[in-house]
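Here is a short tour of one protein model, written for someone who likes to check geometry by eye. Keep the viewer open while you read.

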Amino acid sequence: MSTVAATTVAATTVAATTVDTESPYQSYVYAYPHKTAYRPLPERPRLAELWRGEKQDALSLYLHVPFCEVRCGFCNLFTRIGSPEGLTTAYLDALERQARQVREALAPEARFALAAFGGGTPTYLTAAELERLCDIAESGTGADLRAVPLSVEASPDTATADRLRVLAERGTTRLSLGVQSFLDGEARAAVRPQKRAAVEAALGRVRDAGFPVLNIDLIYGIDGQTPASWIASLDAALAWRPEELYLYPLYVRPLTGLGRHAGTAANPAWDAQRLALYRAGRDHLLAEGYQQVSMRMFRRTGAASASAGEYACQTDGMVGLGCGARSYTSRLHYSFDYAVDAREVRRIIDDYVAAPDFSRAELGWVMTDEETRRRHLVQSLLQGEGVDLAAYRERFGSTPELDFPAELAEFAARGWLAADDPARLLLSPEGLAWSDAVGPRLFSAGVRANMAEYEAK
């Protein structure tokens, strides 16, 4: 298998026909390039060298907690179910070692504009362990959690009052609760063992804790779900007046619980069902006073926002701590190994916990100029506000139309682009609905090749 070497290919030669042209649901593109494109870095560059000369005045900090109480049937996140005695302590010890070594690699004046704890389920940790997690973020990296937006993910069963109290006191501005469905039958169909009563109780505790922003995650496309049941679940969420709602299409991926039983073959009828449910949910939220930020994200009009005005995902770097986190510099994206299979996940976590040295990058993807342009386009176009053409021109001395003529011509022909806007390149409402097909069409030939070669584990 080739080492990480991003092949520079002219945009006009990237054939859109290499991507399935029928399904709206090809890949959730939350970062580019996808982690399955990463490969071992033979030279294992030192972090100090990678970060030297990088813009570091508005970094993002991400701490990864790879533990959950259960694995849902749709989940392909890097996470371990449960932990033997002492493992969470050993993991936090390793996280502290890594934080110190990463901070030494950054410039003395480096500062953070945004922070997040994800997983896994960060609230799998006890209240005392969450205190330590916050201490590591602050003393280990120098981040001031009370001064920047801090987002934390939680599950209903682990959103206990003592854990939430710690997070609120340490400056959490956004608490994201993974609910997926308020209907017990749909939760069972998604292999998510929870009861609505427990979900409602958790939401009450979250509201009592006083976080400025509550986000609720919901999923559509669950077996047996109907338009009526989908709207009922949405209305149950709206009763809590969340500042944000994320609506996720269900994916059935390899090595997940649902994937092992149902397979992952294309299903046009299921695609049509998901698309219809998406549109019903979108229209319902718009009618209820929410604004669409992206295909998945909706924010209540006038509600508080947990975003950071200083941080721009297209241009600013990210420091990831933990064995499932990734980091971004302008020249290299890097991380540790990735897996879904329980045995492989345990192996990677055990290796991380035992590691004394975190001063080098292990796996990654080199960011060429072409890849940087692609990432900027992906990270911007899939948002409701689209691509700021002046900012693109200032950064690259070009335009998206000149750099990606074939891709944008296809998007226009499909009706995925909005009417001409002299200042911005925008997806149309139909383009937003097809975001999971738009994003993959912007992948480079090199990224596609590595993703195709990747063997799930």
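The notes below cover a strand and its partners, a cavity, the cysteines, some aromatic pairs and a few backbone features.

Please bear in mind that this is a predicted model.

**A strand and its partners**

A good place to begin is strand β2, which spans residues 59-65. Of its 7 residues, 6 are buried, so β2 is largely enclosed by the rest of the structure. Strand β5 (residues 112-119) pairs with β2 in the parallel sense, over 7 bridges. If you want a landmark in that pairing, look for Ser60, which stands opposite Leu114 in β5. β2 also pairs with β12 in the parallel sense, here over 4 bridges. Leu63 has Leu321 of β12 as its bridge partner. In a regular strand, side chains alternate between the two faces of the sheet.

**The cavity**

β12 turns up again when we look at enclosed space. How many cavities of 30 Å³ or more does the structure hold? There is 1, and the space in it comes to about 130 Å³. Its lining is made up of 14 residues, and those nearest the centre are Gln98, Gly320, Ser327, Tyr334 and Phe336. Three elements, α2 (87-105), β12 (318-321) and β14 (332-335), each supply at least two residues of this lining. Sorted by class, the lining has 8 nonpolar, 4 polar and 2 charged residues.

Phe336 also belongs to an aromatic cluster, together with Phe67, Tyr91, Tyr124, Tyr352 and Phe358.

**Cysteines**

A search of the whole structure finds 0 disulfides. For Cys323, the nearest cysteine sulfur is that of Cys68, 12 Å away, and Cys323 is in no disulfide; the cut-off for one is 2.5 Å between the sulfur atoms. Is Cys323 buried or exposed? With 0% relative accessibility, Cys323 counts as buried. Cys313, in contrast, is partly exposed at 28%.

**Aromatic pairs**

In total, 16 aromatic pairs are counted. A pair of rings is described by the distance of the centres and the angle of the planes, and the table gives both for two edge-to-face examples.

| Pair | Centre to centre | Angle between planes |
|---|---|---|
| Tyr25 and Tyr251 | 6.4 Å | 85° |
| Tyr28 and Tyr248 | 5.9 Å | 70° |

Tyr25 sits in the segment before β1 (39-40) and Tyr251 in the loop between β9 (244-249) and α8 (257-262), so their pair ties together parts that are 226 residues apart in sequence. Tyr25 is buried, with a relative accessible area of 7%, and Tyr251 is buried as well, at 10%. The pair of Tyr28 and Tyr248 links distant parts of the chain too: Tyr28 is in the segment before β1 and Tyr248 in strand β9, 220 residues apart. Tyr28 is partly exposed, at 26%.

**Backbone features**

Most residues other than glycine have a negative phi, and most peptide bonds are trans. Some places here are worth a look with that in mind. Tyr32 and Pro33 are joined by a cis peptide bond with omega about -5°, and Pro33 lies in the segment before β1. The peptide bond from Gly119 to Gly120 is also cis, with omega near 15°; Gly120 is in the loop between β5 and α3 (127-141).

Two arginines have a positive phi. For Arg44 the value is about 40°, and this residue is found in the loop between β1 and α1 (47-51). Arg44 is partly exposed, at 31% relative accessibility. For Arg241 phi is about 45°, and the residue lies in the loop between α7 (227-238) and β9.

Methods
Residues are numbered from 1 along each chain as its sequence is written. This is a predicted model: local features need pLDDT of at least 70, side-chain atom pairs count only at pLDDT 80 or more; totals for chains, interfaces and linings use all residues. Side-chain values use heavy atoms; hydrogens and water are left out. On a 1 Å grid over the protein atoms alone, a cavity is a set of points where a 1.4 Å probe fits but cannot get out, and a pocket is an open set with protein on both sides within 12 Å along at least five of seven lines; lining residues have an atom within 4 Å of a point. Grid points are joined across faces, edges and corners, and a volume is the space filled by probe spheres set on the points. Ala, Val, Leu, Ile, Met, Phe, Trp, Tyr, Cys and Pro count as nonpolar, Asp, Glu, Lys and Arg as charged, and the others, Gly among them, as polar. Buried means under 20% relative accessible area, exposed over 50%, partly exposed in between (1.4 Å probe, protein chains only). Two strands pair if DSSP finds at least two bridges between them. Rings of Phe, Tyr and Trp (its six-membered ring) pair if their centres lie within 6.5 Å; planes under 30 degrees apart count as stacked, over 60 as edge-to-face and the rest as tilted.
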